[in-house]
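Colleague: I am new to this structure and would be grateful for a close look at a single part. Please concentrate on the pairing of aromatic rings, and then place that part in its surroundings.

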Amino acid sequence: MKGQFMNNLYRLQINPLPFYHFSSWRHFLSGERHITRTISEHVLLLMVDGVLCFSEDGIPLEVKAGEWYIQRAGLRQSGDVVSRMPHYYYIHFGGNISAEDTKGALPLQGKFCPESMISLLNELESVTQQPGDLDLAKNALFLQILSALCEQQSPSGENNLPMKVADLLAVQYKGQVHLDEIASQLGYTRDSIIRLFKNYYGITPYQYILSRRIDHAKKMLLSTECPINEIAFDSGFNSETALYRAFKIRTGFSPSQWRIYKQGLL
């Protein structure tokens with residue numbers, strides 16, 4: 001993130017508790033820009049992939065994959081620069097944002113592990129699609145998301161290791177990932193890396209790599225007309241069959257079916 005030093009002065013307070021309004025997934029296509037608006041409520045952005053570029057009251061900002069950012073109510077956002085195909089979940093909400101650094105208060109920006117948050121975000125999205133008055137359930141899931149973000153902040157000692165591993169895997173996921181080499185580089189055993197990573201994020205390093213590869217494949221399926229076999233290799237899979245199997249388990253669709261389905265929604 002850049003140009004966001006002013007947000008370091010502010011925190012989302014937990015007393016009174018923030019309250020959920022609405023939410024959804026958002027995926028920008030090539031060349032798309034952030035809308036120009038002045039919002040009347042806060043918006044939590046949870047970036048899964050790509051880079052969202054916008055100005056906030058004239059200050060240029062970038063929110064990258066693995067980062068979250070809270071757009072404060074009353075500020076004007078504008079898409080002065082083309083975003084780099086961001087894929088993110090946004091949540092509109094109400095709450096108290098102030099400069100008080102009270103216990104449990106959440107900074108307005110930070111890093112998180114998207115793969116550890118996906119199931120919670122998808123659960124919230126599923127509830128929003130159901131008929132009936134489910135405001136309590138939505139708000140409960142929203143507060144769980146905020147709690148998860150709080151838990152991933154300011155790690156120290158061994159708790160810092162999973163974030164270092166995630167940063168390395170985020171760079172290497174398209175190629176051959178050698179966990180033994182990463183463990184040696186960080187001064188830990190392979191088993192310790194796997195255990196600490198899973199304890200912190202709730203998933204194994206392998207599951208993290210697989211999620212990154214599938215997310216990259218989704219991005220290419222929507223933004224290019226490349227054949228599936230090219231997408232498979234570019235995403236880090238060693239064959240089209242490997243992509244098909246992983247994609248089917250994760251989404252319920254084959255890559256080709258998913259591309260047709262998503263393009264029909266655009």
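Modeller: The ring pairs come first, followed by the loops and strands around them and then the chain as a whole.

This is a predicted model, in which local features need pLDDT of at least 70 and side-chain atom pairs count only at pLDDT 80 or more, while totals for chains, interfaces and linings use all residues. Residues are numbered from 1 along each chain as its sequence is written, and side-chain values use heavy atoms, with hydrogens and water left out.

There are 10 aromatic pairs in the structure. Rings of Phe, Tyr and Trp (its six-membered ring) pair if their centres lie within 6.5 Å; planes under 30 degrees apart count as stacked, over 60 as edge-to-face and the rest as tilted. One of the pairs joins phenylalanine 28 and tyrosine 88: the ring centres are 6.0 Å apart and the planes stand at 55°, so this pair is tilted. Phenylalanine 28 belongs to the loop between strand E2 (19–27) and strand E3 (37–38), whereas tyrosine 88 belongs to strand E8 (residues 84–94); the pair therefore ties together parts that are 60 residues apart in sequence. Helices (H or I, at least four residues) and strands (E, at least two) are DSSP runs, numbered from the N terminus. Both phenylalanine 28 and tyrosine 88 are buried; the term buried means under 20% relative accessible area, exposed over 50%, and partly exposed in between (1.4 Å probe, protein chains only). These two rings also belong to a cluster, in which ring pairs link Phe22, Phe28, Tyr88 and Tyr90.

Another aromatic pair is formed by phenylalanine 253 and tyrosine 261, and this one is stacked, with 5.2 Å from centre to centre and 20° between the planes. Phenylalanine 253 is partly exposed at a relative accessible area of 28%, and tyrosine 261 is likewise partly exposed, at 41%. Serine 254 lies in the loop between helix H8 (240–251) and helix H9 (255–265). With a relative accessibility of 8%, serine 254 counts as buried. Apart from neighbours within four places in sequence, serine 254 is in contact (heavy atoms within 4.5 Å) with Tyr244, Phe247 and Lys248.

The loop that holds phenylalanine 28 also contains glycine 31. Glycine 31 is partly exposed at 48% relative accessibility. Its C-alpha atom is separated by 5.7 Å from that of valine 82, although the two residues are 51 residues apart along the chain.

Strand E8, which carries tyrosine 88, is also the place of methionine 85. Most residues other than glycine have a negative phi, and most peptide bonds are trans. Methionine 85 has a positive phi, near 50°, and is buried with a relative accessible area of 14%. Aspartate 57 is another non-glycine residue with a positive phi, of about 50°; this residue sits in the loop between strand E4 (42–56) and strand E5 (59–64) and is partly exposed at 47%. The C-alpha atom of aspartate 57 is 6.5 Å from that of glutamine 77, which is 20 residues away along the chain. Glutamine 77 is found in strand E7 (residues 76–78) and is buried, with a relative accessible area of 0%. Beyond its neighbours within four places in sequence, glutamine 77 has contacts that include His34, Ile35, Phe54 and Arg72. In the loop between strand E1 (11–12) and E2 lies proline 16, and the peptide bond leading to proline 16 from asparagine 15 is cis, with omega near 5°.

As for the whole, the chain has 9 helices and 11 strands. The C-alpha trace spans about 50 × 45 × 40 Å along its principal axes. Of the 266 residues in the chain, 48% are buried. Among contacts with a separation of 6 or more, 74% are between residues 24 or more positions apart. The pair of phenylalanine 28 and tyrosine 88, which ties together parts 60 residues apart in sequence, is thus one link across a long stretch of the chain.
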